[in-house]
Amino acid sequence: MIIIELEDLRSGRDQIIDFPGVRATVRLTELAHAAAEDSGAWTGLATMVESELQDEVNRVVHRTARRTAHQPPFAVDCSGLPPVLDGSVQLVRLQVGDGGPEIEAHA
């Protein structure tokens, strides 16, 4: 089971989420922080994060591996990527497996 501490994410701190084979560091964008002020909007955002974030992480991992011809292990610097999930979540870094080179992801 993947545990996403939504209140930690809501607080503005980076959060590390362990997906199968990938450790993702993520943070909410300013847009999402505004939504977090409204309980109805936050509920919708939280549901989207819980249901769709792993798919977004997997897309970045597979696209990066394909474009760079690297197989795990590797780390992905995601600072150059646009936010995912309707602009709500910024992927900061992905660690795929243990160790490996640092790769810069591109949109």
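This is a chat about helix 3 and the sheet in a predicted model.

User: Let's start with the sheet. How many strands form it, and in what order?
Analyst: Five strands form an open sheet, ordered 1-2-4-3-5, and the pairing is mixed.

User: Which strands are at the edges?
Analyst: Strand 1 (15-19) and strand 5 (102-104), each pairing on one side only. On average, neighbouring strands of the sheet are turned by 25° against each other, direction ignored.

User: What about strand 2 and strand 4, parallel or antiparallel?
Analyst: Strand 2 (residues 22-28) and strand 4 (residues 89-96) run antiparallel, with seven bridges joining them. Opposite arginine 27 you'll find glutamine 90 in strand 4.

User: And where does helix 3 pack?
Analyst: Helix 3 packs on the sheet, where it touches strand 1, strand 2, strand 3 (74-77), strand 4 and strand 5. The helix direction makes about 50° with that of strand 4.

User: Which residues of helix 3 are buried?
Analyst: Among them are Trp42, Leu45, Met48, Val49, Leu53, Glu56, Val57 and Val60.

User: Why might residues three or four places apart in an α-helix point the same way?
Analyst: An α-helix has 3.6 residues a turn, so residues with that spacing point the same way.

User: New topic: what span should helix 3 have, and what is the distance between its end C-alpha atoms?
Analyst: Helix 3 has 30 residues (residues 39-68), so at 1.5 Å a residue it should span 44 Å. Its end C-alpha atoms are 41 Å apart, which agrees.

User: Where is the kink in helix 3?
Analyst: The kink is centred on glutamate 52 and is about 50°.

User: What comes just after helix 3?
Analyst: Alanine 69, which takes a positive phi of about 60°.

Terms used. Residues numbered from 1 in each chain as written. Predicted model: local features only at pLDDT ≥ 70, side-chain atom pairs only at ≥ 80, totals over all residues. Heavy atoms only, no water. Helix = DSSP H or I, 4+ residues; strand = E, 2+ residues; numbered from the N terminus. Expected span 1.5 Å × (residues − 1). Bend = angle between axes of the 7 residues up to and from the residue. Buried < 20%, exposed > 50% of the residue type's maximum accessible area, 1.4 Å probe, protein only. Pairing = 2+ DSSP bridges. Axes fitted to C-alpha atoms, helices over the stretch in contact; angles between N-to-C directions. Contact = heavy atoms within 4.5 Å.
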